[in-house]
Amino acid sequence: MLRWFAGAVAVLLVGTIAYLCFWPVPAEPVSWQAPTPPGFTGPYAPNTRLADLRTIAIGKEIGPEHIALGPDGKLYAAMENGDVLRMEPDGSKQEVFVNTGGRVLGFDFDGDGRMIAADPMRGLLAVAGGRATLLVDRVSEGDPVRYANSIIVAPDGTIYFTDASARFAPAAWGGTYPASVLDIMEQSASGRVLAYDPAAKTTRVVARGFSFANGIALSADGRALFVTETGRYRIWKVDSNARDLDVQAGSPQARVLIDNLPGYPDNLMRGRDGRIWVGLFRPRNPAADGLSDKPFVRKILLRLPRFLLPLGKPYGHVFAFDESGKVVEDLQDPSGAYPETTGATETADRLYIHSLHAPAIGWLPR
């Protein structure tokens, strides 16, 4: 009996090792060098200014990932189940404006008042009359938009949006969060910024080479785009007129504006007085950074249950910077009571806080 038990344990051990080393996974991690985490120092010194948020109840909805005021003065918020809620700025008179059948991660409004939405399950959408119509889901034949993420409409009508990953489509990999984990663990830097011309109905690649291209904002003069690169903890400034620019190759048309952030940057939103707000989804984990040059180990981790991945602890954090990259405001909640802060929307009297999974809309008086 003892000999049989020892043999069974040996077989199990060999099988486990074989699984961890050889079981197929969809990602092919590549080596890169993560900068030493700065921690919460300098302009990101610890504080509790984001603690004790006031909240707006949203019923059974979850995850106000993106929040913005519309041209009608109403507040709009995109939810996990595909609903986009519309309400008064104080949260009253809530209604479902549209359900896209996917999961809107970002939206803006064009000159005609239409909502233009980035839905990673479907593509770039135009919403009018309670219906969502597809504008574009590919750059060209054989080049699909796999992960439409964030969006900004320029005054001339050009629609700039991020395609977070050219490798992992949320519709194919269990949703937006699982697909983002695969992309960031792989580090193939396949994310890009796209521009759609609604008059010509054409799409061009502005820039590529981002490790999960996420939030996007336009400079005041319209000549530059600010782009968060979630997988490498930084924010870029890119020439909005660039064409098929590889940011990894080096160019005067693109530079890192803010580097080595203490967390994973997400949405970008223009605020008041020149501020641009960014949310840090979670703080960095030194263990994860220590694996940046160990692609084989990261591949082993992808064979484990997702809850075992070295993700940072919950920690609420949003900050604002100006167009020169100077941090001008920083709000934190070390308790992480309002989970996964993805951005902030600033009005004259309120600061609304975005979240990937919160069951309410958080806000602070200004």
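Colleague: Which residues of helix 2 are buried?
Modeller: This is a predicted model, by the way. Helix 2 runs over 176–186, and nine of its eleven residues are buried, so the rest of the structure largely encloses it. The buried ones are Thr176, Ala179, Ser180, Val181, Leu182, Asp183, Ile184, Met185 and Glu186.

Colleague: And what covers those buried residues of helix 2?
Modeller: A strand and another helix are among the covering elements. The strand spans 263–270, and the helix spans 295–301. So the cover of helix 2, which is largely enclosed, includes strand 21 and helix 4.

Colleague: Which element gives the most to the largest nonpolar core?
Modeller: That core has 36 residues, and Phe226, Ile235, Ile258, Leu261, Leu268, Phe319 and Phe321 have the most contacts inside it. Strands 20, 21, 22 and 23 each supply at least two residues, and so does helix 2. The top contributor, with five residues, is helix 2.

Colleague: Take isoleucine 235 from that core; which residues does it touch, leaving out those up to four places away in sequence?
Modeller: Ile235 is one of the residues with the most contacts inside the largest core. Its partners include Ile258, Leu261, Phe319 and Phe321, which are also on that most-contacts list. The full set is Val227, Thr228, Arg255, Val256, Leu257, Ile258, Leu261, Val278, Phe319 and Phe321.

Colleague: How many residues are in the second, separate core?
Modeller: Nonpolar side chains tend to be buried together in soluble globular proteins. Here the second core includes Ile152, Leu225, Ala242 and Val247. Its size is 19 residues.

Colleague: Is isoleucine 152 buried or exposed?
Modeller: Ile152 sits in strand 12, residues 148–153. Beyond its neighbours within four places in sequence, it contacts Asp108, Thr158, Ile159, Tyr160, Ile216, Leu218 and Leu225. Its relative accessibility is 18%, and the cut-off is under 20%, so Ile152 counts as buried.

Colleague: How far apart in space are isoleucine 152 and alanine 249?
Modeller: In sequence the two are 97 residues apart. Going C-alpha to C-alpha, the distance is 25 Å.

Colleague: Lysine 93 and tyrosine 233 both have a positive phi without being glycines; which of them is buried?
Modeller: Lys93, with phi about 55°, lies in the loop between strand 4 and strand 5. Its relative accessible area is 68%, so Lys93 is exposed. Tyr233, with phi of about 60°, is in the loop between strand 17 and strand 18. At 3% relative accessibility, the buried one is tyrosine 233.

Colleague: Which residue with a positive phi follows helix 2?
Modeller: Helix 2 ends at 186, and Glu186 is among its buried residues. The residue that follows has a phi near 65°, and it is glutamine 187.

Colleague: Zooming out, what radius of gyration does the protein have?
Modeller: The C-alpha trace spans about 75 × 50 × 40 Å along its principal axes, and the protein has four helices and 27 strands. For 366 residues, a compact globule would come out near 21 Å, and the protein agrees with that because its own value is 21 Å.

Colleague: How far apart are the mean positions of the positive and negative charges?
Modeller: The protein has 38 positive and 40 negative charges. Carbon and sulfur atoms hold 56% of its accessible surface of about 15,700 Å². Between the two mean charge positions, the separation is 4 Å.

Conventions. Residues numbered from 1 in each chain as written. Predicted model: local features only at pLDDT ≥ 70, side-chain atom pairs only at ≥ 80, totals over all residues. Heavy atoms only, no water. Rg over C-alpha atoms; globule rule 2.2 N^0.38 Å. Areas by Shrake-Rupley, 256 points an atom, 1.4 Å probe, with all protein chains shown as cover. Lys, Arg positive; Asp, Glu negative; His and termini not counted. Charge placed at Lys NZ, Arg CZ, Asp CG, Glu CD. Buried < 20%, exposed > 50% of the residue type's maximum accessible area, 1.4 Å probe, protein only. Contact = heavy atoms within 4.5 Å. Core = buried A, V, L, I, M, F, W, Y, C linked by side-chain atoms within 4.5 Å.
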